[in-house]
Amino acid sequence: MNKKLSAFGLSILILALLVATALGFLMGLSHPLPWISLALLGGVVYLHSQSQKKNYLVWKEEYSVGIEAIDNDHKKLLSLINQLQTASTNYTGVDFERSALDELVNYTKYHFVREEKLLEENGYPGFEPHKKEHEAMVAEVMDKVSHYESNEDQTIDELLVYLKQWLINHISGTDQQYSSFLRDKGVR
Ligand SMILES: [Fe+2]
């Protein structure tokens, strides 16, 4: 179902339950209607919040590469993806969504530069393929972003799926490979 349509349907349902609750209380506290509609309202809100939770990324200690600045960057990237998820889910408007997207793209590039500098300076043997993985990701993201103006919803949905999968795979896989190498060099 179209996201805007389902959000509209949810708003109508909540509004209807609120009205039923208010009208029910006018019938008296002993009437079952307000309590039933109040329970339904709580159930709808709870189920909706639970269904949204799975769309958000949560930092896990297993993602840590043991280098504080890099871990902080990765945490920041997770939170920026979650911010974009919120913008998409809650229809905060195109301006906020676009700025959340730009902030995420810019911070990703900034982080890659920082990480690559660290790898190159310390003579990491896997530097070139690692850098190429970053470049391929940025190219893919920029290609998807170029479709934003013509199809905002689909672009953001595709980007969110891609970014979540890529980032988690990258920080729990490729980035882990340099962890002990850099730590052996004294990088913390
Ligand atoms: Fe990386």
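## Cavities inside the model

Helix H4 (94-121) and helix H5 (127-145) each contribute at least two residues to the lining of the largest cavity. This is a predicted model, and a look at its inner spaces is a good way to get to know it. The count of cavities of 30 Å³ or more comes to 2. The largest has a volume of about 50 Å³, and the second largest has a volume of about 40 Å³.

If you would like to find the largest cavity in the structure, look for Leu104, Val105, Thr108, Lys109, Met137, Val138, Val141, Met142 and Leu163, which line it. By class, 7 of its lining residues are nonpolar, 1 is polar and 1 is charged.

## The second largest cavity

Which residues line the second largest cavity? They are Leu77, Ile81, Leu104, Thr108, Met137, Leu163 and Leu167. Here 6 lining residues are nonpolar, 1 is polar and none is charged. Helix H3 (68-89), H4 and helix H6 (152-174) each supply at least two residues of this lining.

Some of these names will be familiar by now. Leu104, Thr108, Met137 and Leu163 appear in the lining of the largest cavity and again in that of the second largest.

## The nonpolar core

In soluble globular proteins, nonpolar side chains tend to be buried together. In this model, the largest nonpolar core has 26 residues, and Leu101 and Val141 touch the most other members. Helices H3, H4, H5 and H6 each give at least two residues to this core. Which helix gives the most to this core? That is H6, with 9 residues.

Val141 is worth a second glance: besides its contacts in the core, Val141 is one of the residues lining the largest cavity.

## The iron site

The model also holds an iron ion, and its protein donors are Glu115 (OE), His130 (NE2), His134 (NE2), His170 (NE2) and Asp175 (OD), which lie 1.9 to 2.4 Å from it. Along the sequence, the donor residues follow the spacing E-x14-H-x3-H-x35-H-x4-D. His134 belongs to helix H5, while Asp175 sits in the loop between H6 and helix H7 (176-184), so this pair ties together parts that are 41 residues apart in sequence.

Are these two donors buried or exposed? His134 is buried, with a relative accessible area of 1%, and Asp175 is buried as well, with a relative accessible area of 0%.

## The largest pocket

Next comes the largest pocket, which has a volume of about 300 Å³. There are 16 residues in its lining, and Lys3, Gln52, Asn55, Gln85 and Thr89 lie nearest its centre. By class, the lining has 5 nonpolar, 8 polar and 3 charged residues.

Where does the largest pocket lie? Domain 1 (3-53) and domain 2 (61-184) both give residues to its lining, so the pocket lies between them. Among the helices, helix H1 (3-26), helix H2 (32-53), H3 and H6 each supply at least two of the lining residues.

## A few residues to visit

Start with Ile81, a residue of helix H3 that also helps to line the second largest cavity. Ile81 is buried, with a relative accessible area of 2%. Ile81 and Thr21 are 60 residues apart in sequence, and their C-alpha atoms are 37 Å apart in space. Over in helix H1 you will find Gly24, which is buried, with a relative accessible area of 0%. The C-alpha atoms of Gly24 and Phe96 are separated by 39 Å, and these residues are 72 residues apart along the chain.

For contrast, turn to Ser99 in helix H4, which counts as partly exposed at 38% relative accessibility. From C-alpha to C-alpha, Ser99 and the iron donor His134 are 22 Å apart, with their positions 35 residues apart in sequence. Last on the tour is Pro129, found in helix H5. Pro129 counts as exposed, at 53% relative accessibility. Pro129 and Thr174 are 45 residues apart in sequence and 9.9 Å apart in space, C-alpha to C-alpha.

Definitions and conventions: Residues are numbered from 1 along each chain as its sequence is written. This is a predicted model: local features need pLDDT of at least 70, side-chain atom pairs count only at pLDDT 80 or more; totals for chains, interfaces and linings use all residues. Side-chain values use heavy atoms; hydrogens and water are left out. On a 1 Å grid over the protein atoms alone, a cavity is a set of points where a 1.4 Å probe fits but cannot get out, and a pocket is an open set with protein on both sides within 12 Å along at least five of seven lines; lining residues have an atom within 4 Å of a point. Grid points are joined across faces, edges and corners, and a volume is the space filled by probe spheres set on the points. Helices (H or I, at least four residues) and strands (E, at least two) are DSSP runs, numbered from the N terminus. Ala, Val, Leu, Ile, Met, Phe, Trp, Tyr, Cys and Pro count as nonpolar, Asp, Glu, Lys and Arg as charged, and the others, Gly among them, as polar. Donors are N, O and S atoms within 2.8 Å of the metal (3.2 Å for Na, K and Ca); water is not among the atoms, so sites may look incomplete. Buried means under 20% relative accessible area, exposed over 50%, partly exposed in between (1.4 Å probe, protein chains only). Domain bounds come from an automatic or database domain assignment. A nonpolar core is a set of buried Ala, Val, Leu, Ile, Met, Phe, Trp, Tyr and Cys residues joined through side-chain atoms within 4.5 Å.
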